[in-house]
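Q: I would like a close look at a single part of this protein, set in the context of the rest of the fold. Please take your time and connect the details as you go.

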Amino acid sequence: MCSSDLLAGPDGRLLHRFAGVPGDIGEGLRPAGSLALAAGGRARLLGRGTVWALTWTTAGPCGARAILGSGFRRVAFLATLRRAGLLA
């Protein structure tokens, strides 16, 4: 694994960031569309309720990327990723 981070908010929300983790992040979550990344390219959105995942691939040895969020409704998850500069 290349890297992984966990951010926890005081409200109980969690964000997990993964880089270079092969496999299916968000396995079992429903497909929920495709979104434009701020750096170019597209990412796959998966989730429902308060569990969401965004997955995409970049070049290089740690190219598999994902953000997994829990405790977020869809709108709040996407707004957080936009404020972080990840989504267009």
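How many bridges join E3 to E4, and do these strands run parallel or antiparallel?

A: In this predicted model, E3 is joined to E4 by 4 bridges, and the two strands run antiparallel. One pair in this ladder can be named: Pro31 stands opposite Leu46 in E4. The two strands form a hairpin with 5 residues between them, and in its turn Gly40 has a positive phi of about 100°.

To place this hairpin, it helps to begin with the chain as a whole. The protein holds 1 helix and 6 strands, and from the N terminus on these elements follow one another as β-β-β-β-β-β-α. The 6 strands form an open sheet with antiparallel pairing, in the order E1-E2-E6-E5-E4-E3. Strand E3, which covers 31–36, is therefore an edge strand, as is strand E1 (3–8), because each of them pairs on one side only. Neighbouring strands of the sheet are turned against each other by 15° on average, with direction ignored.

Moving inward from the edge, E4 is joined to E5 by 5 bridges, again with the strands running antiparallel. Here Arg48 has Val51 in E5 as its bridge partner, and the hairpin of E4 and E5 has 2 residues between the strands, with Gly49 taking a positive phi near 60°. The next step across the sheet leads from strand E5 (residues 51–57) to strand E6 (residues 64–70), which run antiparallel and are joined by 7 bridges; among the paired residues, Trp56 has Arg65 in E6 as its bridge partner.

Beyond E6 lies the other part of the sheet, where 6 bridges join E2 to E6 in an antiparallel arrangement and Leu15 stands opposite Gly69 in E6. E1 then pairs with E2 in the antiparallel sense over 6 bridges, with Ser4 opposite Phe18 in E2. The hairpin of E1 and E2 has 5 residues between the strands, and Gly12 takes a positive phi near 90° there.

The helix brings us back to the hairpin we started from. Helix H1 (residues 74–83) packs on the sheet and touches E3 and strand E4 (42–48), as well as strand E2 (14–19), E5 and E6, while its direction makes about 40° with that of E5. Arg74 belongs to helix H1. With a relative accessible area of 34%, Arg74 counts as partly exposed, because that class lies between the 20% limit for buried and the 50% limit for exposed residues. Leaving aside residues up to four places away in sequence, Arg74 touches Ala32, Leu45, Gly49 and Trp52. The C-alpha atoms of Arg74 and Gly47 are 8.1 Å apart in space, although the two residues are 27 positions apart in sequence.

The stretch leading into the hairpin has contacts of its own. Leu29 is placed in the loop between E2 and E3, and, with residues up to four places away in sequence not counted, it touches Leu46, Gly47, Val51, Trp52, Ala53 and Leu68. By contrast, the C-alpha atoms of Leu29 and Leu7 are separated by 21 Å, with their positions 22 residues apart along the chain.

The interior can be described in the same terms. The largest nonpolar core has 15 residues, and those with the most contacts inside it are Leu45, Leu54, Phe77 and Leu87. Two or more residues of this core come from each of E3, E4, E5 and H1, a list that includes both strands of the hairpin. Leu87 touches Leu35, Ala36, Leu37, Ala38, Leu54, Leu78, Leu81 and Arg82, again without residues up to four places away in sequence.

Finally, some overall values frame these local details. Of the 88 residues in the protein, 34% are buried, and among contacts with a separation of 6 or more, 37% are between residues 24 or more positions apart. The radius of gyration is 12 Å, which agrees with the value near 12 Å that a compact globule of 88 residues would have. Along the principal axes, the C-alpha atoms fill a box of roughly 35 × 25 × 25 Å, and the accessible surface comes to about 5200 Å², with 57% of it belonging to carbon and sulfur atoms.

Key:
Residues are numbered from 1 along each chain as its sequence is written. This is a predicted model: local features need pLDDT of at least 70, side-chain atom pairs count only at pLDDT 80 or more; totals for chains, interfaces and linings use all residues. Side-chain values use heavy atoms; hydrogens and water are left out. Two strands pair if DSSP finds at least two bridges between them. Axes are lines fitted to C-alpha atoms, for helices over the stretch in contact, and angles run from 0 to 180 degrees between N-to-C directions. Contact means heavy atoms within 4.5 Å. The radius of gyration is taken over C-alpha atoms; the globule rule is 2.2 Å times the number of residues to the power 0.38. Buried means under 20% relative accessible area, exposed over 50%, partly exposed in between (1.4 Å probe, protein chains only). Accessible areas come from the Shrake-Rupley method with a 1.4 Å probe; for residues, only the protein chains shown count as cover. A nonpolar core is a set of buried Ala, Val, Leu, Ile, Met, Phe, Trp, Tyr and Cys residues joined through side-chain atoms within 4.5 Å.
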